[in-house]
Structures are given as C-alpha cells and as structure tokens.
Amino acid sequence: MRKPLRKAVLPVAGLGTRFLPATKQMAKEMLPVVDKPLIQYAVEEARAAGIEQFCFVTGRGKTMLVDQFDVAYELERTLTERNKTKELDMLRAQALPPGSIVSTRQQSALGLGHAIWCARSFIADEPFAILLPDDLMLCDVSCTKQLADAYNETGGNVVAIEEVPMARVSSYGVIAPGATTGNLVEVKGLVEKPKQEDAPSNLTVIGRYVLMPEVIAHLSKMEKGAGGEIQLTDSMAKLIGTQPFHGVRYEGRRFDCGDKAGYLEAQIAFALSRPDMAPAMQSIIKKYS
C-alpha cells in the first residue's frame with residue numbers, strides 16, 4: 001500500500017549572504033513578508049497538505065527558527081493581561097503540537113543533497129516532502145498539497161515544475177519531459193544546471209518536492225556534481241525508471257525570496273492578496289508609478 005505523506009524536510013542552513021547585513025544576526029528564513037516570516041509560510045503550506053512532522057536542517061545560530069513555532073509564555077501572559085485576544089489567538093494557532101519539529105545540523109555547506117542526507121534518520125523509510133523557504137508560493141491551493149494530491153494519484157516521486165526562458169535554464173534543475181496528462185508531466189530525465197544548448201527542455205524544478213526514501217541511498221554515496229556540491233537532482237535522476245516520477249505544473253505564483261528583487265515583489269503581491277492590506281498597498285504603488 002502507498003504510505004501516507006506525513007513528513008517534510010526544510011533545509012535552512014544557508015547563511016543568507018545576499019541579504020547582508022540584515023542576516024548578520026537573523027536567519028534569512030526569518031525575513032518577513034508583510035507580517036509573517038518565510039519559514040512560517042513554508043510550514044503553513046505543508047500543514048495545509050496534511051504534513052504532521054517537520055525536520056529543520058539548520059546551521060549554527062539558527063535556533064530562532066524552531067522558537068518561532070514554540071510557546072512564548074511571557075509574550076502570551078502579557079497579551080492576556082492587556083486583553084489582546086486577537087493577537088493571542090493568532091500566536092496559539094501557529095504553534096505546532098509537541099514533538100512536531102525536530103532539527104539536525106548540516107555542519108558543512110556541501111549542497112542541497114547533503115542537507116537532505118543529514119535528515120536521513122528523520123526520513124527513515126517514509127515518503128517525504130521538501131520545501132525550500134526561499135521559494136515563496138502564492139497559490140489558492142497549497143503548492144505542497146498539489147504535489148501531495150499528485151503523489152496520492154501516481155505514487156513515486158513528484159516535483160513542482162515551471163517553464164523559464166531558455167536563457168535561464170543554467171540556474172535550475174531541468175527535466176526531460178515525457179507524456180503529459182493534464183498538469184502532470186512524466187519525468188524521463190533530470191539534469192542540474194545544464195548549459196542552454198544541452199538542456200532537454202525549459203521545464204525546471206522549483207523548491208517543492210515529494211520524494212521516496214530510496215533517494216537517501218544514492219545521496220549516501222556523496223558524489224559531487226555541478227558546482228562541486230552534492231546535488232539532490234543527481235540522486236533524484238537515479239530513481240527514474242525504478243519508480244514513478246512526475247512533474248506537476250503547479251497553479252499559482254512563485255517568488256524567489258533569496259533574491260532582493262524577488263523578495264520586494266513578494267511584499268507587494270502578498271499585501272495585495274490581503275483584504276486588510278490591499279488598499280494601503282495600492283495607494284503606495286500609485287505614489288511611485
């Protein structure tokens with residue numbers, strides 16, 4: 001029987017050098033979009049897909065990422081005393097049940113594949129989702145739920161894909177597409193950051209995955225790929241032909257919040273998507289248009 005998708009791994013060990021000096025003391029995943037940090041958007045997206053257990057693959061100085069989902073006793077007491085019931089209810093709604101989050105350390109920056117390998121004990125023998133918080137998703141249906149629904153239909157490995165201009169394929173993992181059924185595309189091959197002339201398509205993998213635990217055996221070989229790093233894409237490619245493998249043309253928008261321009265665009269888009277913020281943001285935009 002197909003195992004339920006209950007686990008998610010969030011690689012959050014990066015230094016955030018593109019956002020210095022803001023990230024000198026603060027984890028980049030704690031950067032807020034409107035009033036919520038990137039890490040919280042990712043966790044809420046996963047929870048909307050039925051994910052129950054989370055593993056944060058962290059680095060030194062990133063304990064605040066776990067603290068974000070813990071009970072803040074002093075703050076809650078102060079809010080209670082001041083009758084701030086709306087804020088108190090919001091904080092309690094975001095807290096995760098005890099034991100839902102574990103963390104492990106990636107002591108060396110050896111690539112995304114190495115980060116996922118660091119979570120091998122957490123993954124064990126179950127399917128698992130991967131969410132890269134830098135990719136912030138604005139979707140009517142949680143992007144991770146779209147992948148979970150595809151997994152429940154097809155089994156095997158499922159990744160979120162989108163088209164990019166051919167001039168940009170060298171920055172992504174690129175799929176060799178097979179048969180297409182609706183928004184599902186069979187994955188016949190995968191290559192990490194190919195040259196434009198070598199790319200099998202312009203369908204690229206973004207930071208949302210549902211993978212089978214067998215990928216860990218390939219990651220354990222510690223084979224280095226593009227950029228001298230242990231690439232997740234290389235190990236994923238070795239599963240093709242042995243397990244079902246599909247890409248999902250997800251419905252929604254992605255914002256690259258590892259990039260300053262993408263982060264600023266996300267602020268605008270998410271503010272405009274909220275009834276309480278849209279009028280103010282529209283007024284601000286008019287001032288600068």
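Colleague: What share of the 289 residues in the protein is buried?

Modeller: This is a predicted model, and in it buried residues make up 49% of the 289 residues.

Colleague: How many helices and strands are there?

Modeller: The secondary structure comes to 11 helices and 13 strands. The radius of gyration is 19 Å, close to the 19 Å that the globule rule gives for 289 residues, so the protein is as compact as a globular protein of that length.

Colleague: What box do the C-alpha atoms fill?

Modeller: Taken along the principal axes, the box is roughly 60 × 50 × 40 Å.

Colleague: And what about the contacts, how many join residues at least 24 apart?

Modeller: Counting contacts between residues at least 6 apart in sequence, 75% join residues at least 24 apart.

Colleague: Let's look at one helix. Why is α1 described as largely enclosed?

Modeller: Helix α1 covers residues 38-47, and 8 of its 10 residues are buried, so the rest of the structure largely encloses it.

Colleague: Which residues of α1 are the buried ones?

Modeller: They are L38, I39, Q40, Y41, A42, V43, E45 and A46.

Colleague: Changing topic: how many disulfides does the structure hold?

Modeller: The structure holds 0 disulfides.

Colleague: Why does C118 have no bond to C55?

Modeller: C55 has the closest cysteine sulfur to that of C118, but the distance is 9.0 Å, which is too far for a bond. C118 itself counts as buried, because its relative accessibility is 12% and the cut-off for buried is under 20%.

Colleague: What about C139 and C143?

Modeller: The sulfur of C143 is the closest cysteine sulfur to that of C139, yet the two are 5.0 Å apart, so that pair is also too far for a bond. A disulfide needs the sulfur atoms within 2.5 Å.

Colleague: Salt bridges next. How many are in the whole structure?

Modeller: A search finds 17 salt bridges. One of them joins K3 and D125, with the closest N and O atoms 3.2 Å apart. K3 is in the segment before β1 (7-11) and D125 is in the loop between α6 (120-123) and β6 (128-131), so this pair ties together parts that are 122 residues apart in sequence.

Colleague: Are K3 and D125 buried or partly exposed?

Modeller: K3 is partly exposed, with a relative accessible area of 36%. D125 also counts as partly exposed, at 48% relative accessibility.

Colleague: Which residue does D135 meet in a salt bridge?

Modeller: D135 meets R254, at 3.0 Å from N to O. D135 lies in strand β7 (residues 135-138) and R254 in strand β13 (residues 253-256), so the pair ties together parts 119 residues apart in sequence. D135 counts as buried at 9% relative accessibility, and R254 counts as buried at 17%.

Colleague: What else does R254 meet?

Modeller: The side chain of R254 also meets that of E162 in a salt bridge, at 2.8 Å from N to O. E162 is in strand β8 (residues 157-163), and the two residues are 92 residues apart. Both R254 and E162 are buried. Elsewhere, salt bridges that share partners join R6, K7 and E126 into one network.

Colleague: Last one, the surface. Which residues form a nonpolar patch there?

Modeller: I268, L272 and I285 form it, with about 210 Å² of accessible area together. L272 lies in helix α10 (residues 260-272) and counts as partly exposed, at 35% relative accessibility.

Colleague: What is the accessible surface of the protein?

Modeller: The accessible surface comes to about 14,600 Å², and 52% of that belongs to carbon and sulfur atoms.

Technical notes
Residues are numbered from 1 along each chain as its sequence is written. This is a predicted model: local features need pLDDT of at least 70, side-chain atom pairs count only at pLDDT 80 or more; totals for chains, interfaces and linings use all residues. Side-chain values use heavy atoms; hydrogens and water are left out. Patches are made of residues with over 30% relative accessible area and no salt bridge: like charges are joined within 9 Å, nonpolar side chains (Val, Leu, Ile, Met, Phe, Trp, Tyr) within 5 Å. Accessible areas come from the Shrake-Rupley method with a 1.4 Å probe; for residues, only the protein chains shown count as cover. A salt bridge is a side-chain nitrogen of Lys or Arg within 4 Å of a carboxyl oxygen of Asp or Glu. Helices (H or I, at least four residues) and strands (E, at least two) are DSSP runs, numbered from the N terminus. Buried means under 20% relative accessible area, exposed over 50%, partly exposed in between (1.4 Å probe, protein chains only). The radius of gyration is taken over C-alpha atoms; the globule rule is 2.2 Å times the number of residues to the power 0.38. Contact means heavy atoms within 4.5 Å.
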